[in-house]
Amino acid sequence: MKAIHPIGRTGMVWTLLGAVLGTMSVACTSSSDDGESASSCAYLVEYQDRTYAGAETRDFTIGDEFGTATLPPCDDTPSDDSDGQTTSTPTTAYAIEGVDPSMAIALEQASDDVIFVNVDSDKTLPEIKQLIHSS
């Protein structure tokens, strides 16, 4: 007999978001020249008082330009006297055809297979991918 767990939609969203962010944080670590691991910041962007996290998807069409989004500062090792990004960086935000911008956007400087999903959206990444592919 299978156990049924009453997670609900909100729990599923948080579970998916945790999985995406966990994968991103592992993917964002890199090795330095001396073979030691160096950390890096999460790929986040702020646009119109919303925070979006980077997520990989393919075959989406970029729509109209919205305006300026902001990459938050990232100085993941503040005491190392390096040139870490300590100020916000502006970038251009674009619509994704078939997707409400309150759910996801694209960025000018992001790679061709990355969109940014609103971390507070009630839509999950698979649902957004479905919207992209059905448009």
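A: Helices (H or I, at least four residues) and strands (E, at least two) are taken as DSSP runs, numbered from the N terminus. In this predicted model, Asp 59 then has its place in the loop between S4 and S5.

Q: How many helices and strands are there in the chain, and in what order do the elements run from the N terminus on?

A: The chain has two helices and eight strands. From the N terminus on, the order is α-β-β-β-β-β-β-β-β-α.

Q: Returning to Asp 59, what is the sign of its phi, and is the residue buried or exposed?

A: The phi of Asp 59 is positive, near 60°, in a residue other than glycine. Exposed means over 50% relative accessible area; Asp 59 counts as exposed because its relative accessibility is 67%.

Q: Where is Asp 49, and what is its phi near?

A: Asp 49 is found in the loop between strand S3 (44–47) and S4. Its phi is also a positive value in a residue other than glycine, near 60°. With 86% relative accessibility, Asp 49 counts as exposed.

Q: How should a salt bridge be read, and which residue forms one with Asp 113?

A: Side chains of opposite charge can pair when their charged atoms come close. The cut-off is a side-chain nitrogen of Lys or Arg within 4 Å of a carboxyl oxygen of Asp or Glu. Asp 113 forms such a bridge with Arg 58, with the closest N and O atoms 3.2 Å apart. Asp 113 lies in the loop between S7 and S8, whereas Arg 58 lies in the loop between strand S4 (50–56) and strand S5 (62–71), so the pair ties together parts that are 55 residues apart in sequence.

Q: How many salt bridges does this rule give, and which residues are linked in a network?

A: The count is two salt bridges. In the other pairing, the side chains of Glu 56 and Arg 58 meet at 3.2 Å, N to O. Glu 56, Arg 58 and Asp 113 are thereby linked in a network of salt bridges. Glu 56 is partly exposed at 46% relative accessibility, and Arg 58 is partly exposed with a relative accessible area of 48%.

Q: Which residues gather in a patch of negative charge on the surface?

A: A patch member needs over 30% relative accessible area and no salt bridge. Asp 64, Glu 65, Glu 97 and Glu 108 gather in such a patch. Glu 108, in the loop between strand S7 (104–107) and strand S8 (114–118), is exposed with a relative accessible area of 52%. Glu 97, in the loop between S6 and S7, counts as partly exposed at 44% relative accessibility.

Q: What separates the C-alpha atoms of Glu 97 and Ile 132?

A: These C-alpha atoms are separated by 6.8 Å, although the residues are 35 residues apart along the chain. Ile 132 leads to the next feature, the nonpolar core.

Q: How many residues has the largest nonpolar core, and which elements each supply at least two of them?

A: A core consists of buried nonpolar residues joined through side-chain atoms within 4.5 Å. The largest has 13 residues, and those with the most contacts inside it are Ile 96, Val 99, Ile 115, Ile 128 and Ile 132. Strand S6 (89–96), S7, S8 and helix H2 (125–134) each supply at least two residues of this core. The largest share, three residues, comes from H2.

Q: What share of the chain do buried residues make up?

A: Buried residues make up 29% of the 135 residues in the chain.

Notes
Residues numbered from 1 in each chain as written. Predicted model: local features only at pLDDT ≥ 70, side-chain atom pairs only at ≥ 80, totals over all residues. Heavy atoms only, no water. Patch = residues over 30% accessible without salt bridge, like charges linked within 9 Å, V, L, I, M, F, W, Y side chains within 5 Å. Areas by Shrake-Rupley, 256 points an atom, 1.4 Å probe, with all protein chains shown as cover. Lys, Arg positive; Asp, Glu negative; His and termini not counted. Charge placed at Lys NZ, Arg CZ, Asp CG, Glu CD. Buried < 20%, exposed > 50% of the residue type's maximum accessible area, 1.4 Å probe, protein only.
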